[in-house]
Amino acid sequence: MLSYRGKGDIDMGFEFTNLQKKANRKLALTKVKYRNMWNGEGELGYTSCGRNCYEINIAQDAPSEEVKAVVLIHEVGHIYYGHNDVDYKKEFKTIEGLCYSLGYTPIDLEFYGGYMHFLNIAMDFEVNTKLLTQQNRKVMADMGIGICVPQMMEIPFKNSFRDYYVPLLEHITPEFRKQARALQKALESLQDLAKSVSGFDSS
């Protein structure tokens, strides 16, 4: 049984690895909540920084106790690898600079749903390859739940979430980049028109 600062225990159904035991020491700084997810079906968990501790939120309607346990390990992983301590504004600036240096533009990140989703995929890659076991992945697969791993994009294992930025950018298709640039130009034209009509055109 896994104890935590919340109500009740989780029946794991499997044993922790030594690395998972080490990561789970972070639970001493964590409050775990079971709740209905605000954005509807599909979300199983997320982690945030509370006032005095990290907060792990897990879907109370997750399909099994074993799934809840894997989700908990995954979310603890984000804390263990320092993802919740990242300054997101600075990280987005780093990603933006990398985009321009490699010939991409920030709008290309919409391939993944924008900056935050791009970053979250990279962080999920780190947690799911370094902390989750084959047995953990099987628990999820048996319930029809996919695990976000770099192998699904034929990206090799990397040591840190930041090491996945370049491979993720390279995975963006040329067709999408072409469409994204066309959309960006159209939006810029609309913005210029709006400024002109509203009298704010500086020319």
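Of the contacts in this chain with a separation of 6 or more, 67% join residues 24 or more positions apart. Welcome to a predicted model whose chain has 7 helices and 3 strands. Along the sequence, these elements follow the pattern α-β-β-β-α-α-α-α-α-α. The chain has 203 residues, and buried residues make up 41% of them. A good place to begin is helix α2, and some single residues follow after that.

**Helix α2 against helix α5**

- Helix α2 covers residues 65-80 and helix α5 covers residues 134-142; the two pack with their axes 9 Å apart, at an angle of about 130 degrees.
- Angles under 35 degrees count as roughly parallel, over 145 as roughly antiparallel and 65 to 115 as roughly perpendicular, and α2 and α5 are therefore oblique to each other.
- The crossing in which α2 passes α5 is left-handed.
- On the α2 side, the residues that meet α5 are E66, V67, V70, V71 and I73, while α5 brings N136, V139 and M140.
- Sorted by character, the residues of this contact of α2 with α5 are 6 nonpolar, 1 polar and 1 charged.

**Helix α2 against helix α4**

- Helix α4 (residues 115-130) also packs with α2, at an angle of about 105 degrees and with the axes 9 Å apart.
- Since 65 to 115 degrees counts as roughly perpendicular, that is the description that fits α2 and α4.
- From α2, the residues in this contact are H74, G77 and H78, and from α4 they are N120, M123, D124, V127 and N128.
- Here the residues of the contact of α2 with α4 divide into 2 nonpolar, 5 polar and 1 charged.

**The nonpolar cores**

- In soluble globular proteins, nonpolar side chains tend to be buried together.
- The largest nonpolar core in this model has 25 residues, and those touching the most other members are V32, L44, I56, I58, V67, L72 and M140.
- Two or more residues of this core come from each of β1 (30-35), β3 (54-59), α2 and α5.
- With 8 residues, α2 gives the most to this core.
- V67 and M140 were already met in the contact of α2 with α5.
- Apart from this core lies another one, of 21 residues, and L109, Y112, A122 and M123 are among them.

**Three residues to look up**

- Where is T105? Look in the loop between α3 (88-101) and α4.
- T105 has 15% relative accessibility, and because under 20% is the cut-off, T105 counts as buried.
- Leaving out residues up to four places away in sequence, T105 touches C99, Y100, R181 and Q184.
- Is E154 buried or exposed? With 75% relative accessibility, E154 counts as exposed.
- E154 sits in the loop between α5 and α6 (165-170).
- The phi of E154 is near 60 degrees, which is a positive value in a residue other than glycine.
- Most residues other than glycine have a negative phi.
- A141 belongs to helix α5, and A141 is exposed, with a relative accessible area of 51%.
- How far apart in space are A141 and V67, C-alpha to C-alpha? They are 9.9 Å apart, with their places 74 residues apart in sequence as the separation.

Terms used. Residues numbered from 1 in each chain as written. Predicted model: local features only at pLDDT ≥ 70, side-chain atom pairs only at ≥ 80, totals over all residues. Heavy atoms only, no water. Axes fitted to C-alpha atoms, helices over the stretch in contact; angles between N-to-C directions. Helix = DSSP H or I, 4+ residues; strand = E, 2+ residues; numbered from the N terminus. Left-handed = near helix turned anticlockwise from the far one by under 90°. Contact = heavy atoms within 4.5 Å. Nonpolar A, V, L, I, M, F, W, Y, C, P; charged D, E, K, R; others polar. Core = buried A, V, L, I, M, F, W, Y, C linked by side-chain atoms within 4.5 Å. Buried < 20%, exposed > 50% of the residue type's maximum accessible area, 1.4 Å probe, protein only.
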